[in-house]
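User: Could you take a close look at one helix for me and show how its surroundings are put together? I'd enjoy a connected account.

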Amino acid sequence: AYTKDFCAPEFILGMKQVPDYDLWSVASIIHGMFTKKPIVLVNKSLSHNDQLAYVLQQIVHQIGKPTEEFLARCPLADVYFTKNGELKKKWDIPVK
């Protein structure tokens, strides 16, 4: 089981689990403790896959678009990204 609020982008994109996932989760928790705001918001009204896409959209907004090389290593990249690396779905993200 996992919590979408603290989910590493690599996990969402289907990469093999590595310790970096835990670092992302811990960093997300620490960010929330200090800022009193989550690093990403989860829209519970969306389907499961759309919730993950919503989280990815916020991550891309905050840290930038992933490289082609990174996406080529991600088994689920084509679920969320177009061939040119753009997100397939986008929503209006509320200001935190």
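Analyst: Happy to; what follows centres on helix α3 and then moves to its partners and the cysteines.

This is a predicted model, in which local features need pLDDT of at least 70 and side-chain atom pairs count only at pLDDT 80 or more, while totals for chains, interfaces and linings use all residues. Residues are numbered from 1 along each chain as its sequence is written, and side-chain values use heavy atoms, with hydrogens and water left out.

Helices here are DSSP runs (H or I, at least four residues), numbered from the N terminus. The expected span of a helix is 1.5 Å times one less than its number of residues. For α3, with 16 residues, that gives 22 Å, and the end C-alpha atoms are 23 Å apart, which agrees. After α3 comes G64, with a positive phi near 105 degrees.

Many residues of α3 are buried (under 20% relative accessible area, with exposed over 50% and partly exposed in between; 1.4 Å probe, protein chains only). Among them are L52, Y54, L56, I59 and V60. The buried residues of α3 pack against α1 (9–12), α2 (19–35) and α5, where contact means heavy atoms within 4.5 Å.

That leads to the largest nonpolar core (buried Ala, Val, Leu, Ile, Met, Phe, Trp, Tyr and Cys residues joined through side-chain atoms within 4.5 Å). The core has 22 residues, and I12, L13, L56, Y80 and F81 touch the most other members. Its largest share, six residues, comes from α3. Beyond its neighbours within four places in sequence, F81 contacts L56 and V60, and also L13, P66, L71, E86, L87 and K88.

The helix also takes part in the one aromatic pair found in the whole structure. Rings of Phe, Tyr and Trp (its six-membered ring) pair if their centres lie within 6.5 Å; planes under 30 degrees apart count as stacked, over 60 as edge-to-face and the rest as tilted. Y54 and W91 are edge-to-face, at 5.8 Å centre to centre and 70 degrees between the planes. Because Y54 lies in α3 and W91 in the segment after α5, the pair ties together parts 37 residues apart in sequence. Y54 is buried at 4% relative accessible area, whereas W91 is partly exposed at 22%.

Finally, the cysteines: the structure holds zero disulfides, a disulfide being a pair of cysteine sulfur atoms within 2.5 Å. The sulfur of C74 is 13 Å from the closest cysteine sulfur, in C7, too far for a bond. C7 is buried at 5% relative accessibility, and C74 is buried at 6%.

Note on methods: Helix = DSSP H or I, 4+ residues; strand = E, 2+ residues; numbered from the N terminus.
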